[in-house]
Amino acid sequence: MRHKDWVLAPGNGSPGVALEIQMRSDAMVPVITVRGLPAPAAVAGAFVVKPSVNLGFDGGKRLELSCGMSGTYYACAPDAASLRAVAEALPKAKVVSAGVTLTMPGMMALPPQERLLDLTGTETALAKLRAGGAIREALPEYPGLDMQGFLDRILRDVGFPNGAGDVMPKLTPWISRLWS
């Protein structure tokens with residue numbers, strides 16, 4: 001189930017970034033998704049872009065989300081330890097704030113993006129989603145093990161002391177062509 005307002009609306013071939021409610025384990029939680037990326041760009045992005053995504057309910061404490069590929073889209077969701085607390089806070093919240101910062105190793109971060117979304121009728125929407133049979137999304141088997149961390153470790157092991165930070169300046173022109 002996707003929020004009626006976009007975090008970043010799709011357009012002119014660019015992907016859409018949305019707040020979705022997904023069933024993770026046995027809890028319905030907010031997930032920031034990026035859909036509509038061409039497959040090569042999604043895979044390349046998973047290797048080279050370090051997203052920092054967080055959520056906050058009603059101006060409260062921010063929660064960092066774990067990000068990675070989830071089938072055909074990119075998803076940032078609460079980790080297993082946070083699921084229960086986030087699922088309990090969601091139906092009571094009036095607004096959710098989503099913050100996104102993208103960094104490429106060895107380069108500066110893009111300007112942070114912040115989006116405030118109103119939450120009205122959340123309890124009713126969650127009940128409908130449950131009644132409709134929400135599909136469970138898988139949690140990572142090993143928390144913190146993602147493609148970027150894996151690639152960075154391999155690059156260090158094969159002789160790049162700064163991992164992806166050493167390789168990124170060489171890959172940036174190629175990646176730029178993928179996005180254009």
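Five helices and nine strands make up the secondary structure of the chain in this predicted model. Followed along the sequence, these elements appear in the order β-β-α-β-β-β-β-α-β-β-α-β-α-α. The chain has 180 residues, and 40% of them are buried. Its accessible surface amounts to about 10,600 Å², with carbon and sulfur atoms accounting for 60% of that area. Contacts also reach across the sequence: of those between residues at least 6 apart, 56% join residues at least 24 apart.

A good place to begin a tour of the interior is the largest nonpolar core, which has 33 residues. Val29, Ile32, Val53, Phe57, Cys76 and Val96 are the residues with the most contacts inside this core. Two or more core residues come from each of strand 1 (16–24), strand 2, strand 3 (50–57), strand 6 (73–77), helix 2 (83–89), strand 7 (95–103) and helix 3 (122–131). Strand 2 gives the most, with six residues.

Within strand 2, which spans residues 27–35, sits Ile32. This residue counts as buried because its relative accessibility is 2%, where the cut-off for burial is under 20%. Leaving aside residues up to four places away in sequence, Ile32 touches Val7, Val17, Ala18, Leu19, Val53, Leu55, Leu65, Tyr74, Ala75, Cys76 and Ala98. Gly99 lies 67 residues from Ile32 along the chain, and the C-alpha atoms of the two are separated by 9.8 Å.

Val96 offers another view of the core. With residues up to four places away in sequence again left out, the contacts of Val96 are Leu19, Leu55, Gly56, Phe57, Arg115, Leu116, Leu117 and Leu119. Leu19 and Leu55 thus appear among the contacts of both Ile32 and Val96.

The third residue to follow is Cys76, one of those with the most contacts inside the core and also a contact of Ile32. A disulfide joins Cys76 to Cys67, with an S to S distance of 2.0 Å. The count of disulfides comes to one. The link between Cys67 and Cys76 is right-handed, with 115° about the S-S bond. Both Cys67 and Cys76 are buried.

Aromatic rings complete the picture. A search of the whole structure finds zero aromatic pairs. A ring does meet a charged residue, however: Arg2 lies over the face of Trp6, at 3.9 Å from the ring centre.

Technical notes:
Residues are numbered from 1 along each chain as its sequence is written. This is a predicted model: local features need pLDDT of at least 70, side-chain atom pairs count only at pLDDT 80 or more; totals for chains, interfaces and linings use all residues. Side-chain values use heavy atoms; hydrogens and water are left out. Helices (H or I, at least four residues) and strands (E, at least two) are DSSP runs, numbered from the N terminus. Buried means under 20% relative accessible area, exposed over 50%, partly exposed in between (1.4 Å probe, protein chains only). Contact means heavy atoms within 4.5 Å. Accessible areas come from the Shrake-Rupley method with a 1.4 Å probe; for residues, only the protein chains shown count as cover. Rings of Phe, Tyr and Trp (its six-membered ring) pair if their centres lie within 6.5 Å; planes under 30 degrees apart count as stacked, over 60 as edge-to-face and the rest as tilted. A charge sits over a ring if NZ of Lys or CZ of Arg is within 6 Å of the ring centre and within 35 degrees of the ring normal. A nonpolar core is a set of buried Ala, Val, Leu, Ile, Met, Phe, Trp, Tyr and Cys residues joined through side-chain atoms within 4.5 Å. A disulfide is a pair of cysteine sulfur atoms within 2.5 Å.
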